[in-house]
Each structure stands twice: as structure tokens, then as C-alpha cells.
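User: I would like to learn how to read a sheet in a model of this kind. Could you take me through one, strand by strand?

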Amino acid sequence: MEIVTTHKNTDFDALSSVIAATILYPDAVPILPKSINPNVKAFLSIHKDIFETYAPEQVNLTQVQRLIVVDVNSWGRLDGLKGLQHENGLEIFLFDHHAGQGDIVPDYRCQEEMGANITLMVRYLEKENKRITPIQATLFLAGLYEDTGNLSFPSTRAEDAHAAAYLLERKADLNIINTFLRPAYGEKQKDILFRMLQTAKRRKINGYRVSFSKIDVKGHVDSLAVVVRMYREILNVDAAFGIFLNPERKKCMVIGRSNIEGFDMGAIMRRLGGGGHPAAGSALVNSVVPQDIQDAIANFITGGQQQHVQVSDLMSFPVISVTPQTNMADAAAILRTRGCTGVPVVAEEKLVGVISRRDFRKIKKESQLKAPVKAYMSTKLISIAPGKSPQQAARLMVKHDVGRLPVVEHGRMIGIITRSDTMRYFYDLLPD
Ligand SMILES: [Mn+2]
């Protein structure tokens, strides 16, 4: 016997991947965990006759010769199949778009970072020229859109977009997708979102704008992930965390959403014992102290950030500068020959001003070019520390409408970072 299964809290990507695996391996029996996301459950209840699936307890584990695992790579996130973990002679195939190592050791693996797992499955369906019905294409595209945020999450790859095109060609129905991907947002969810917003604590952690909310939630609430997504969007932070304490179960459900390059929500959740992607993740933590969890997350963010690019990696130095006594004509010549729009004014290694092309508009007569720079320079000093992130540099430039920031450490200017330096970083044009 051959079975295919996926992770608990099955989402559309996971269900899609299971169904796609049954097309690739027609003898494989699809086994779904008992916990299934509400919107997937709604979809399945309408499509029961088309997608026949089975529960873990319907499988006679001793009969299983091949196990196909999709969209997950750890035994702990499978349902009811623990008995297979140490089974000798069991053949395991793994299809997973999470690059991190799990504890499932497969005989064959297709493991690559990709926006959605279904994209990996579509690769094989296309290669083997398998027939896909419009309903299957619809389900697959729902999975693809859900995991990539309609191809907008930073984790999205070109191959995801290719797979989306392939599924649209196979008549995926966008109306159906919109119906089922629409968040299940009701009174309960509204109440939680409201309480989260009231208690939202915004913080800056290593250049990231982060928000935490700690809420007591009694009983089971569907779609908490949807609530956290809305919460992040409303607060417009880089990363948002909902820490939901269930006092009866003595556990905290932690759900995170982020939408900034370089922030790996999945990595944070893995350290809490959960899982996820760069943009989304969750973990169930055996703790009744939400503050401890928040502190731990803050530490992970601080720790993880240190390997990331800092202003000091992007800045240029030595800096071309002038002194307050340099005359305006010489300053103009420097700007012209260096092709820059401004230079810092430095006295005894200290930044005292900036002279830029703009300041030359104040010059009305030829004779004024003999005047020292200090008469025309801007003394509004916006500088940045070398350890800050490129995001912080970019934000500061936008806020103060400047194109360059002197990099200052212990009162001394050690470099300069320009708008084009930060652009180069954001577009990933840095040499390795
Ligand atoms: Mn997935």
C-alpha cells in the first residue's frame, strides 16, 4: 500500500499537493490529518465526491510500503502516522518547499525553496504531461495563491508565476478561488482583532518595526491567522505577532506575519518549536507566560539580524569632504568632478554641515562664490550609526528628504551612505 499525506492544520497548498501527488502516483491513497483549516474544510465539504480522502485511523500502518509526504518535513506535524517512523523497509518520498532540514529522512526528495509547494508538484505534472481537470487546476491555484499571497510575498519565485500561468491555461476558476480564499472573518474574529489593536505594542527591534499583542482566547477560534494578517496590515509594521493564551489548555498559540525582505518568520517559529515561511508562521508553545514568549521572539530577532547587512557594509569611505573654510567655487568644482549632489563639511573629523547643489541656488552674484562654505551649508545634520540596517537608512532619507547620510560613530564621521547604495542593496545588486 502506498499513501500520501501532509501537515496538520492543512491549508490549500497542502491539500493541493496531496491531490497532485495522487495524480503523479495513481496508486497512492490520500490521507488528511484531522485538523484542517476552515476554508479548506468548506471547500472539501462541497467537493466531497471529487476529492475522496481518508483519515489516518483508516490506514492499516503495517500495510504501508511507500509514504509520500508533501509540504512538510517533520514527523511531529503529521497526524497519526508516528508508528511508521521507525518502520524498516518503508520507502519515503518527500516533496517540500521548506529548505530547512526536518527529521523525515526520505529515499527520494524534491526539496527546494519555492513560494508554494504545489509549484514543485506542477513541475512534475507538466513534465509528465499529466491531465489536470479544471477543478483540480482551481484547487492547485488556490494553494499557490494562498502560500504566495497572490504571488506577492517576497518568497515567491518565477517558477510560482509560471505554475500559476500553467494552471490558468488548464482553466483554473478565479471566481471559485476568490470565494474560498476569502477569510472566514466573523464576530469572534472581529472581537479578537479589536482587542489586539487596543493592546498593540509597537517596538523597533534591530531596525524592524515589530508589533506584539498578547490576548487571552478561550476555547477554539478559527482563522486566527487571518486576524493576525489583518492586524499587521492595519498597523503597517514589518512583522506582527499575536500571542494567544489559552488558560484552560495552558498553552500559547503564537502566530506571526511579516512582509519585509530579510525577515524570516518561519525561522523564528521553528525556534519556538513550530514552522512556517519567511512571511508567515506559527507555533504552539507550552507556556502560560506570554511575556516570556515575546521576550524570546525579540531576542531571536536581535540575534538573527546581526548576520544581516548593515549600513557599514554599504557605505563608502574615505568620504570626500570639504572644510567650513573651503570657498563655494572650490566646493562647486568638487561636486562637478565627483558627480555627486552634495558633500559633508567636516572640521576636525567632526561633521558640521552638508553643502549640496541645492545650496548654490542661494548664490546670486559671482562674488559670492568666494565666500566660505559655512555661510551656505545646511547645518541640519541627519546622520546614521554604522550598525543600523539599510531599511533604517532608507526610511531616514525619505523622512528628511535627503539623498545621503553621513555615517557617524562616536561623534566621528567614518563614511557616507547614499540613496543609490541603499537601492543597490534592495535590488540585490551587491557583489557577494
Ligand atoms: Mn506550503
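**Reading the sheet**

Analyst: We can begin with a single pair of residues: Met 253 has Leu 284, in E11, as its bridge partner. This is a predicted model, and the pair belongs to the contact between E9 and E11, which run antiparallel and are joined by six bridges.

User: What holds paired strands together in general, and in what order do the six strands of this open sheet lie?

Analyst: Strands of a sheet pair through backbone hydrogen bonds, in either a parallel or an antiparallel sense. Here the order is E6-E7-E8-E9-E11-E10, and the pairing is mixed. Strand E6 (201-205) and strand E10 (275-276) are the edge strands, each of them pairing on one side only.

User: How many bridges does each edge strand make with its partner, E6 with E7 and E10 with E11?

Analyst: E6 pairs with strand E7 (residues 208-216) in the antiparallel sense over five bridges, and within this pairing Lys 204 has Arg 209 of E7 as its bridge partner. E10 and E11 are likewise antiparallel, over two bridges; Gly 275 stands opposite Ser 282 in E11, and a hairpin of three residues joins E10 to E11.

User: Is E11 mostly covered or mostly open?

Analyst: E11 is mostly covered, for five of its six residues are buried, where buried requires 20 or more other C-beta atoms within 10 Å of the residue's own. As for its neighbours across the bridges, E11 pairs with E9 and also with E10.

Technical notes. Residues numbered from 1 in each chain as written. Predicted model: local features only at pLDDT ≥ 70, side-chain atom pairs only at ≥ 80, totals over all residues. Pairing = 2+ DSSP bridges. Helix = DSSP H or I, 4+ residues; strand = E, 2+ residues; numbered from the N terminus. Buried ≥ 20, exposed ≤ 12 C-beta atoms within 10 Å, placed from the backbone.
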